[in-house]
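Welcome, and thank you for taking a look at this model. Please have the sequence and the 3D view open side by side, and we will go through some of the parts together.

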Amino acid sequence: MNIQIQDPAAERKTPVERQSIEAAVVRFAGDSGDGMQLTGSQFTLATAVAGNDLVTFPDFPAEIRAPVGTTFGVSTFQINFGSREIRTAGDRLDVLVAMNPAALITNLEDLRPDGLLIVDASAFQDRNLKKAGYETNPLEEDDLDRYRVLALDISKLTQATVKAVDGVQVTNKEILRTKNMWALGLVLWLFGRDVAPTRQWLGVKFAKLEDIATINIAALEAGFAFGETTELAHNVHAYEVPPAKLDAGEYRNVTGAEGICWGLATGAHLADLPMIYCSYPITPASNMLHILAGMTGGFGIETFQAEDEIAAVTAAIGASYGGALGVTGSSGPGIALKTEGIGLAVATELPIVIVNAQRGGPSTGLPTKTEQSDLYQAVFGRNADCPLVVLAARSPGDCFTMAVEAVRLATKYMTPVMLLSDGYIANSSEPWSIPEVAGMTPFTAQTNVVPDNFAPYMRDADTLARPWVAPGTPGGIHRIGGIERSETTGNVSYDPANHQTMTDLRARKIANIAHDVPEQDVTRGDGAGDLAIVGWGSTYGPIGRAVTNLRDEGHKLAHIHINNIWPLPRNLGALLANYAAVLVPEMNNGQLVTLLRAEYMIDARSLPKVSGKPFNVSEIEDAAREFLGETS
Amino acid sequence: MNVVPELKPDDYATDQEVRWCPGCGDYAILKAMRKVLSDVGADPEQTVFISGIGCAARFPYYMETYGFHTIHGRAAAIATGTKLANPDLDIWLVSGDGDSLSIGGNHLMHLLRRDIDLTYLLFNNEIYGLTKGQASPTSRPGTVTPSSPSGSYDRPAHAVAFALGSGAGFIARSYDVAQPHLVATMKRAREHRGTSFVEILQNCIVYNADIFADVTDKKVAGDAQIHLEHGAPLVFGKDGDKGLIFDVKTLSLKAVALGEGGVAEKDLLVHDETNAVLAGLLGAMDGHALPMALGVIYCAPERPAHRPAHPDRPRGDAMAALLDAHLRKGHTWHVA
Ligand code: SF4
């Protein structure tokens, strides 16, 4: 086939008819410099405002400014939205916007047959084609026959638009940089979305650069108008995706990083503590440092950009010792550096929260790609017997809930709590029913109350927590340290029996927390059956969709999603025993599955994936079918 | 703050048995420390000793104040967190040469440049004591130890130069058995706002005995030491008959004998502790060609603090309202 570049002069003769669909997956792909992340997040905003449920997946290269036109410089933003509950960013694309040949070649395989491909034909020039690895121009070949292709000279269209705007002083380069807004305008039209939120956002973003704001808005509106007024190829439809039936309430979009930061702030408030967030820049955890540093409006939050990961965790320990809530955040390699410090917090029984936004590893690994391979590290990764609490968030909104819970457990039990998120959850967003902080039950922490007959390692009979007496407290003078200490008095002790007692106490204190966290529920399905698919963290979406699909087919399987990684929920072993088989999909080489096998001596099976990308629903469905007596 | 009853030095002692080797310089420093707190009337409940790992790091167990014996090299970072959490505390950081300049060098550097308001005592004995006598970052080249049987190869790190290079605002030096001098120096350090860095030469009697004897021994002290006093001429010598001048040709300090070649006291350099260039020159003197400088080597003029005090926060309902408003900032929408 020879693809005709759409002639902009072809005026629409018939009114737009919109085809109603339940859900759609759209991916914007372009150079790092093409503004795909902004385009995607603006489309997300418009989609959320239109009332759809949605899940996004931003994916960008580790290089800040990768060379133009290269395949490794391609940045993408994917969104799955619909009128039904959306649980994943989607396996197959319905619409792919490719701004250059590199974006096309790296993303085309995800486009479903008959999917809509929008390309900027002006970028399909020799140099770009060569850089992407094309010998010939794919727009002039038959390879794209199985898709519906809309090849537009977006450069020319954008230039024509902007040149028509009176009185702006801009360079051609600046004009071409608005191509993404033109493409966004067209996709907004395609799904019948409003350009107003983006127009407003552009006005604010470029408040000081009026001309730039003007040309971006012009490009956005021109893209939209192009859809509205031009007779597109006969096989390109406009769509309508009706609003989803979400629970009543006030909603916003939230990313995982925001969820965690706001949850920490809320947790500190409920504990009535000032918070000090100590961190060292690392992808993908830096966002949390930025968000908290920006919360200057009287929240009692102080941020401390430490000289390294070790200083970050130890400053957090020092802050907690001083009577504040010490928090540190990082990603796997940084957590590795913090290990010794975390051991000190365990030994001295000081409350800190450690957030790990996991990424691909080992070593530097895949800094901008997602993985959930730090479960071993979280549960076991310290010298000696060194138990702490490990929680995992399953979605951006859940990050808020789990961050509040992390603060509650840390301060109530005087223990470090590790909260696991990952690159996917941290960066992706979902509509979130905004909670009411005013209605939440406080869990006030005391840092300056000296109990009767005070000794630094005396313990609360129920929680086994020691008292938190910060320096400066009258009548509470004492000393603590990393050397093993005598039970109760806390004086240095090398006594063998005492070390056994203290090791047992540290383990028991954490194990007891299983009685203070919810029993494991069945996320989807019944409490018994042929197969339980057990997940944790960001596999929540794809497992949920796969289980729903298979249950619709009549299979007896359930989805069990674990937030409490350590200690594990007290009923989990009994619950899992009710299923004939247990399958554990994880974005690692099989870590939770090892824990389950060790703890419950069950024949849990692993479904590992470490490609740096989230699971596709079909991958989980296919694996599950084998256990359900089908071969795929 | 509480009204603190008058406390004697011994009132700052804990009931813990002190476990340094008999004859260790640490005993003298401990004694001086208790006297400092007694002299200034320090409130034990507002005083915190934070240490890393090493012989010196046992210090907090022996002070009847708050104390935190942490991990190797990290005391500076921990103390930073504690000070951020409670700026009212009087924090003393006790560390050795390995703790400060090897494993903890990075943290010390950043503590100094941040100028966190606490007093940092570096007990320099030029050896690893607790781990049984290996060469330390301040050991002189050729130091024979179990880890350097042919003599250590590396040039030593220099505490004062390191501190100066890291942007420290207060740098002083004293030594363990110089009791009145050590007490006075630590008091000055405590008064200073910002990180006050004090190098204390400390005799490790077991693994590096008398390493500083060529400076501290009474017989040589007069000529091997110069006691700095802000605004006073740089005079030294056991009879006060020597002084320092600045040699413009070599851009360096030079010792001269007073009266010789017509040199009078008015020709000598006058100590200006606010002069960082002079501090560098004085700090580098090692007691051999030139006398070792003791006392306040550098005290920066008032420097602006950029980090604001820990932000105030409303409590209870007011904070909940603030958070609720924050969660609703930006685009929100209602689902009926
Ligand atoms: S080993 Fe040296 S520094 Fe350590 S306690 Fe003994 S004498 Fe003092």
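L531(A) has A581(A), a residue of β21(A), as its bridge partner. The model you are looking at is predicted, so please read every position here as part of a prediction. The pair just named belongs to the parallel pairing of strand β18 (residues 529-536) of chain A with β21(A), which runs over four bridges. β21(A) also pairs with strand β22 (residues 605-608) of chain A, again in parallel and through four bridges. There, P585(A) finds its bridge partner in L607(A) of β22(A). How many residues of strand β21 (residues 579-586) of chain A are buried? Six of the eight are, so the strand is largely enclosed by the rest of the structure.

The table sets out strand pairings, including one between the chains.

| Strands | Sense | Bridges |
|---|---|---|
| β18(A) and β21(A) | parallel | four |
| β21(A) and β22(A) | parallel | four |
| β17(A) and β2(B) | parallel | three |
| β11(B) and β12(B) | antiparallel | six |

**Two helices of chain A**

Let us turn to helix α1 (residues 36-49) of chain A. At 1.5 Å a residue, its 14 residues should span 20 Å, and the end C-alpha atoms are indeed 20 Å apart, which agrees. Most of α1(A) is covered, with 11 of its 14 residues buried. Among them are M36(A), F43(A), L45(A) and A48(A), along with T39(A), G40(A) and S41(A). L38(A) also lies in this helix, but L38(A) is partly exposed, because 18 other C-beta atoms lie within 10 Å, while a buried residue would have 20 or more. If you would like a sense of distance, find A461(A): L38(A) and A461(A) are 423 residues apart in sequence and 53 Å apart in space, C-alpha to C-alpha. Just after α1(A) comes G51(A), which takes a positive phi of about 90°.

Helix α8 (residues 210-229) of chain A has 20 residues and reaches 28 Å from its first C-alpha to its last, close to the 28 Å expected at 1.5 Å a residue. Buried residues in α8(A) include T214(A), I215(A), L220(A), F224(A) and F226(A). What covers the buried residues of α8(A)? The cover includes α4 (154-163), α5 (172-176), α6 (179-190) and α7 (196-205) of chain A.

**Where the chains meet**

Between the chains, 62 residues of chain A are in contact with 53 residues of chain B. On the side of chain A that touches chain B, at least two residues each come from several elements, including α1, β9 (249-255), α9 (256-270), α12 (332-348) and β17 (479-481). α11(A) gives the most to this side, with nine residues. By class, the side of chain A that touches chain B has 35 nonpolar, 17 polar and 10 charged residues.

Strands link the chains as well: β17(A) pairs in the parallel sense with strand β2 (residues 66-69) of chain B. Within that pairing, R479(A) has G67(B) as its bridge partner.

**The nonpolar core**

In soluble globular proteins, nonpolar side chains tend to be buried together. Here the largest nonpolar core has 283 residues, and those touching the most other members are V187(A), M275(A), V353(A), L419(A), L93(B) and I171(B). Helix α14 (residues 396-413) of chain A gives the most to this core, with 10 residues. Leaving aside residues up to four places away in sequence, M275(A) touches eight named here: L264(A), A265(A), A268(A), G300(A), I301(A), A324(A), L325(A) and V327(A).

**Chain B and the ligand**

Chain B holds 10 helices and 14 strands. Its C-alpha atoms fill a box of roughly 95 × 50 × 45 Å, taken along the principal axes. Of the 336 residues of chain B, 48% count as buried.

Strand β11 (residues 242-247) and strand β12 (residues 252-257) of chain B pair in the antiparallel sense, and I245(B) stands opposite K254(B). Their hairpin has four residues between the strands, and L251(B) in this hairpin takes a positive phi near 50°.

Which residues lie around the ligand? They are W20(B), C21(B), C24(B), D26(B), C55(B), N125(B), G129(B), C204(B), I205(B), V206(B) and Y207(B). This shell divides into eight nonpolar, two polar and one charged.

Key:
Residues numbered from 1 in each chain as written. Chains lettered and ligands numbered in written order. Predicted model: local features only at pLDDT ≥ 70, side-chain atom pairs only at ≥ 80, totals over all residues. Expected span 1.5 Å × (residues − 1). Buried ≥ 20, exposed ≤ 12 C-beta atoms within 10 Å, placed from the backbone. Contact = placed C-beta atoms within 7 Å. Nonpolar A, V, L, I, M, F, W, Y, C, P; charged D, E, K, R; others polar. Pairing = 2+ DSSP bridges. Core = buried A, V, L, I, M, F, W, Y, C linked by C-beta atoms within 7 Å. Near = placed C-beta within 6 Å.
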